[in-house]
Amino acid sequence: MALLSLQNITLAFGGPPVFDGISLQVEAGDRLCLMGRNGTGKSTLLKLIAGEIPPESGEIQRQQGVRIAAVSQEVPRELDGTVYDVVAAGMGDAAGLLADYHNLAHHLALEQEPELLAELEKLQHRLEESGGWSLHQEVERVLNRLSLDSDAPFATLSGGTKRRALLARALISSPDILLLDEPTNHLDIDTIVWLEEFLVKSVPTLIFVTHDRAFARKVANRVAELDRGQIYRFVCGYDEFVERREALLEAEITRRALFDKKLAQEEAWIRQGIKARRTRNEGRVRALRKLREEHRQRRDRQGTAKIRLQEAERSGTLVAEAQNVTFAYDAAPVIRGLSTTIMRGDKIGIIGPNGSGKTTLLRLLLGELAPQQGEVKLGTRREVLYFDQLRDQLDLSATVQENVGEGNDTVTVGGKQRHVIGYLQDFLFSPERARTPVHILSGGERSRLLIAKLFTKPSNVLVMDEPTNDLDAETLDLLDDLLVEYTGTLLLVSHDREFLNNVVTSTLVLEGDGVVKEYVGGYDDWLEQKAAPTAVAPSAKPAVNDRAKPVREKPRKLSFKEERELEVLPDKIAELEAEQASMHSRLGDPEFYKSAGSEVAAVNDRLAALASELEAVYARWEELESLRG
């Protein structure tokens, strides 16, 4: 018998039904990953299963005595007390006794008072009578397993540690089904890897929502996708689900095309029938009415966001250079002896545990924070855009439209004026949704809104701090492609391993005690390089010349000839770019291909040559500019 069974569940919130007669069964041993676009009802389904909200119709059957525990996407604000208090609350009625016993024992360790000792003995007796003593030992065991400090105030914990404490509270009741909503949000990579292994080994039945593709691939043995009010269950892992879903979508496109063709034919028949005769085939008329109704009720798949980056004028070749940079808080080193060079076009991932100093490293490289030792040299003509993981740039009390328009009805995108409502539709915000306040948006919608707000401004240096939180798989794929094609410089902080693998060309890894090391490639490349044995050169005494101070060359000035060359370079660049634009215009004209013949190949060859020539001229211009500066 199934642990959980949903039969013909219907639920709507005043609009199109979120669930339109869905059915689902969960068996013991299922690790079911719920997939779907933002807003399709994944979190709502978890709340239905947990019994937090009732369905409008249908039935939810739970096996007798089945225990269900849930960890929500957001940390509840009302939680207070120590970590022990929060975790012990998962034990139900015995939670109060356990919390009192733990707090009293803690006070007794500090102050040896006879009254406290007598009270502790009473609590021990009550715990023994209620069987709570074994529960206390279970709480301690779970806390140790999750590496949690039982006496730490819950309110002072980081977001990732709070989520670990909530997971401990859910596990303490030994649930038959564990529900997790976006469990990897705000967790660092080490904790995510630990959580994957823990869930696979220790939690037999699990239903979870995630957009972390690597996490889903590791944990899930079943996948269910919510789409337009329906649920589709796949008895397979994540990779096979992606392949089978693509095949289903292609089949749906073909089926709808045939349906539309038949409807058009029947519409033509009914119009011709009215002209040609008085009597009609009433059965065919009824079938046409049924086709019309089916077409009217058809729900189209949510479109894909049309995200475009506006690129500013190219920055200087050098973006930032750190030389022996050190920074510490209260004598605790965060960055120690860092030397690195960031050039235009570099895409750099920044990896490290929560609290290791990733944001500090970003601020140092951007020049927002002065190093305590060493030097950071910043490049020229930098136009920086910063995506912060807390979305502090959004005004929660204002509407979506007001956040993007900033008091205006239009925004300038790609040199053209666009109405804010039309621009927001590219990011999947309907006109009605664009007029709603930001505080009611889901996490994924807020991330999309911040991207929409930032991308109205041009940039050549893009800084993104955890941009993937809450974004659905389709938007993540689009953002992948967008950042790969971005010709500017990218600094990316992310715990999404697949996103790092797809986008970055090198990584800066904070390895603890202020040590920052640079590796070529993404997350998987870092793992391989870290695991590879490092060849150690035999020690040798340094030669005398090695200890000698390097002779500094005096900076030279531009010669007369170089001054004249620098003066004409901007005109040459403008001439080459104008020719390049003309070539692109010719290739974009359909009439050109009718008579061009072999000229098409010649134009493409010239375009390639122009690109190389422009690159060389830009490099020469920047070289001369730096010498003059």
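This passage walks through one buried threonine, a handful of salt bridges and the cavities of a predicted model.

A good place to start is T40, in the loop that runs between β3 (31–35) and α1 (42–50). Being in a loop says little about whether a residue is tucked away, so the accessibility has to be looked up: for T40 the relative value is 15%, and since the cut-off for buried is under 20%, T40 counts as buried. The side chain of T40 also has a polar partner, as one of its polar atoms sits 2.8 Å from the backbone oxygen of R37. Leaving aside residues up to four places away in sequence, T40 touches V18, F19 and L226.

Next come the charged pairs. The structure has 20 salt bridges, and three of them are picked out here. One joins the side chains of D30 and R222, with 3.8 Å from N to O. D30 belongs to the loop between β2 (19–26) and β3, whereas R222 belongs to strand β8 (residues 222–227), so this pair ties together parts that lie 192 residues apart in sequence. How exposed are the two partners? D30 has a relative accessible area of 5%, which makes it buried, while R222, at 24%, counts as partly exposed. The pair is not on its own either: D30, R222 and R233 are linked in a network of salt bridges.

Strand β8 turns up again in another pair. Here R245 forms a salt bridge with E225, and the closest N and O atoms are 3.4 Å apart. R245 comes from helix α9 (residues 238–276) and E225 from strand β8, so the bridge ties together parts that are 20 residues apart in sequence. Both R245 and E225 are buried.

The last pair to mention is E511 with K517, whose closest N and O atoms are 3.8 Å apart. Are these two residues buried, partly exposed or exposed? With a relative accessible area of 35%, E511 is partly exposed. K517 is partly exposed as well, its value being 41%.

That leaves the empty spaces inside the protein. Three cavities of 30 Å³ or more were counted. The largest has a volume of about 120 Å³. It is lined by 15 residues, and those closest to its centre are T184, N185, D212, T468 and N469. What kinds of residue make up this lining? Eight are polar, five are charged and two are nonpolar.

The second largest cavity comes in at about 90 Å³. Its lining is made up of V71, G160, R163, R164, L167, L180, P183, L187, T191, W194 and L195. Two elements give two or more residues to this lining, namely α6 (159–171) and α7 (189–202). Of the elements involved, α6 gives the most, with four residues. Sorted by class, the lining of the second largest cavity holds seven nonpolar residues, two polar ones and two charged ones. For the largest cavity, by contrast, the split was two nonpolar, eight polar and five charged.

Note on methods. Residues numbered from 1 in each chain as written. Predicted model: local features only at pLDDT ≥ 70, side-chain atom pairs only at ≥ 80, totals over all residues. Heavy atoms only, no water. Buried < 20%, exposed > 50% of the residue type's maximum accessible area, 1.4 Å probe, protein only. Polar contact = N/O pair within 3.5 Å; in protein donor to acceptor, adjacent residues only side chain to side chain. Contact = heavy atoms within 4.5 Å. Salt bridge = Lys/Arg side-chain N within 4 Å of Asp/Glu carboxyl O. 1 Å grid on protein atoms, 1.4 Å probe; cavity = no way out; pocket = protein on both sides within 12 Å on 5 of 7 lines; lining within 4 Å. Points joined across faces, edges and corners; volume = space filled by probe spheres on them. Nonpolar A, V, L, I, M, F, W, Y, C, P; charged D, E, K, R; others polar.
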